[in-house]
Amino acid sequence: MSADWLEALEKVLSPGSVLRPDRDDLGAYETEWRGRYHSEALAVLRPDSTEALAVMVQSCTQAGVPMVPQGGNTGLVGGAVATGHRTQVIIQLGRMNRVRQVDPASALMIVDAGVPVSVAQEKAKTHGLRLPIDLASSDSAMIGGILATNAGGVLTIAYGNARSLVVGLEAVLADGQIWHGLSEVRKDNAGYALKDLLVGSEGTLGFITAASLALVPAPKVSATAWVGLKSVEAALGLLDQMRSDLSDHLRAFELIPSLAVELVMKARQAQGLSTRAILDAPCPWQVLIAVDSSDPQAPLEERLMSSLMAVYEAGLVEDVVVSQSESDTQDMWLMRESISDAQQIEGFALKHDISVPTPKFGEFIAQTEVGLQKIVPGLRLCAFGHLADGNLHFNLVPPPGQPDALRPHEEAIVDWVFGQVRAFNGSIAAEHGVGLLRREALREYADPTKWWAMRQIKQALDPKDLFNPGKIV
Ligand SMILES: Cc1cc2nc3c(=O)[nH]c(=O)nc-3n(C[C@H](O)[C@H](O)[C@H](O)COP(=O)(O)OP(=O)(O)OC[C@H]3O[C@@H](n4cnc5c(N)ncnc54)[C@H](O)[C@@H]3O)c2cc1C
């Protein structure tokens, strides 16, 4: 493909806006976080304003070049990857990184798409407010990325997914048209909710360039506990108790199997890092609970302790550790946030990001594991995550000493797990999205009418199929 148009484009943009493989190092943009996919991009474009991005989109459209939006490149489904050999451009929004405004009176902030989540969180904090979304990838994931994937995370239990924070959006749509939708009003029923359509569209309908986001009061007191249990049913009983005693304050309820703790310790030891197990005895299932309040007088720790004491006396839990210091709390979160990476230490792990109705999780896990053992005897289940949202990372680790045992059975395993998810009325893509990884599965498992409507929407908003083609639909 002739690159004359790219040279012409470069001339009208600010320095650093165009990176080319023959001249620049594209490694950080072409290498996907998990290493499952690799891009060979025609170029990486890095706009420094919405207007510059609009010029890029116009130029790519005229040249017929597909565009792949990219934020922090932490997505887990291959959504920010360019496909083909140097025929698509990656447009990375990291230079659009201004916090445009924080308005404490209306508890809103307006931020560019390229602001890292942790930067936006810190900015809100300086105004006594909280941006209520938090992921283990918050230091790298960007506002545009979390909105394009409608990310969840540990605070979803209290505040919902990313979509629930969005008051307004600015976006660059087909042919480089700019949609000025940065509303600061929370009530706006004037026409279709375009923002809700763009959120979760994974870059297939256009570029999110900025967002106005709802904030909540910052927490003033918090308490954290790690609980050991015998079964998932016991964890569900504990969740019921926490909801009834502390529902206004419950901020995280993360399920963790003992295998995950074992793997985190093994992986960290292999890196020369020390980590201690939180519980003295390894209970089969464990739960990390966090509560907080914006009322500095709220006796949260006492309330959490007395609630946990009640479930302990009822025989529901085996062991409880309540954090006594900031360092205890950090240790607990470090353990939780290291699970994703740690699984690689045992070889090729298979990961599913699924949801099923929360009360059915015990039954789902038990039934699904029976079928899995028939496919690969000795396979180990490392299902962890956001139990209260009905969302677990239903990950499978090979039997000890057989690092490649799952690889030849990948298709059979995925079919079985997704069949089970369908039987339990759940979702095959709970919070990470579809991207390339789950595109074929979506076609198979989506409701046919929804699939038809999705294709109509894609055709209407991206008639030339230039926004992230091949992803989702
Ligand atoms: C350690 C770790 C923990 C994680 N934990 C969670 C978790 O708890 N919950 C969760 O939901 N996810 C989690 N993720 C996944 C990931 O962090 C999120 O999906 C995040 O929202 C991606 O943001 P990003 O900026 O890195 O986007 P990218 O990876 O760059 O892009 C993701 C998708 O969004 C599109 N996109 C990016 N920016 C824009 C834009 N401005 N406009 C339009 N489209 C765009 C891309 O084309 C791609 O399809 C985790 C990832 C890691 C590595």
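# Loops and helix pairs in a predicted model

Asn 150 sits in the loop that runs between α5 (143-148) and α6 (156-159). Helices (α; H or I, at least four residues) and strands (β; E, at least two) are DSSP runs, numbered from the N terminus. The model is predicted, with local features needing pLDDT of at least 70 and side-chain atom pairs counting only at pLDDT 80 or more, while totals for chains, interfaces and linings use all residues. Residues are numbered from 1 along each chain as its sequence is written, and side-chain values use heavy atoms, with hydrogens and water left out.

Although Asn 150 is not a glycine, its phi is positive, at about 45°. With a relative accessible area of 14%, Asn 150 is buried (under 20% relative accessible area; exposed is over 50% and partly exposed lies in between, with a 1.4 Å probe and protein chains only). Ala 107 is another residue that has a positive phi, about 50°, without being a glycine. The loop that holds Ala 107 joins β5 (99-103) and β6 (108-112). Ala 107 counts as buried because its relative accessible area is 16%.

The next topic is helix packing. Helix α1 (residues 4-12) packs against helix α3 (residues 50-63) at an angle of about 165°, and their axes are 11 Å apart. Axes here are lines fitted to C-alpha atoms, for helices over the stretch in contact, and angles run from 0 to 180 degrees between N-to-C directions. The angle makes α1 roughly antiparallel to α3 (over 145 degrees; under 35 is roughly parallel, 65 to 115 roughly perpendicular and the rest oblique). The crossing of α1 with α3 is right-handed, a term for a near helix turned clockwise from the far one by less than a right angle, with anticlockwise giving left-handed. On the α1 side, the contact (heavy atoms within 4.5 Å) is made by Trp 5, Leu 9 and Val 12, and on the α3 side by Val 55, Met 56, Ser 59, Cys 60 and Ala 63. These residues comprise 7 nonpolar, 1 polar and no charged. Ala, Val, Leu, Ile, Met, Phe, Trp, Tyr, Cys and Pro count as nonpolar, Asp, Glu, Lys and Arg as charged, and the others, Gly among them, as polar. Within α3, Cys 60 is buried, at 0% relative accessibility.

Helix α13 (residues 361-375) takes part in two packings described here. Against helix α8 (residues 232-246), its axis comes within 8 Å, and the two cross at roughly 165°. With that angle, α8 is roughly antiparallel to α13. This crossing is right-handed. From α8, Val 232, Glu 233 and Leu 236 meet Phe 361, Gly 362, Glu 363 and Ile 365 of α13. By class, the contact of α8 with α13 has 4 nonpolar, 1 polar and 2 charged residues.

With helix α14 (residues 410-423), α13 packs at an angle of about 160°, the axes being 10 Å apart. The pair α13 and α14 is therefore roughly antiparallel, and the crossing of the two is right-handed. From α13, Phe 364, Gln 367, Thr 368, Gly 371, Leu 372 and Ile 375 contribute, and from α14, Ala 412, Ile 413, Trp 416, Val 417, Gln 420 and Val 421. The contact of α13 with α14 divides into 8 nonpolar, 4 polar and no charged residues.

Val 376 belongs to the loop between α13 and β17 (380-386). Val 376 is buried, at 5% relative accessibility. Leaving aside residues up to four places away in sequence, Val 376 touches Pro 399, Ala 405, Leu 406, His 409 and Ile 413. Between Val 376 and Val 55 lie 52 Å, C-alpha to C-alpha, and the two are 321 residues apart along the chain.

A further loop, between α9 (258-270) and β14 (285-293), contains Leu 279. Leu 279 has a relative accessible area of 6% and so is buried. Apart from residues up to four places away in sequence, Leu 279 touches Trp 226, Val 227, Gly 228, Gln 286, Asp 319 and Val 321. Ala 193 is 86 residues from Leu 279 in sequence, and their C-alpha atoms are 47 Å apart.

Last come the cysteines. The structure has 0 disulfides, a disulfide being a pair of cysteine sulfur atoms within 2.5 Å. Why does Cys 283 have no bond to the closest cysteine sulfur? That sulfur, in Cys 382, is 16 Å from the sulfur of Cys 283, which is too far for a bond. Cys 283 is itself buried, with a relative accessible area of 7%.
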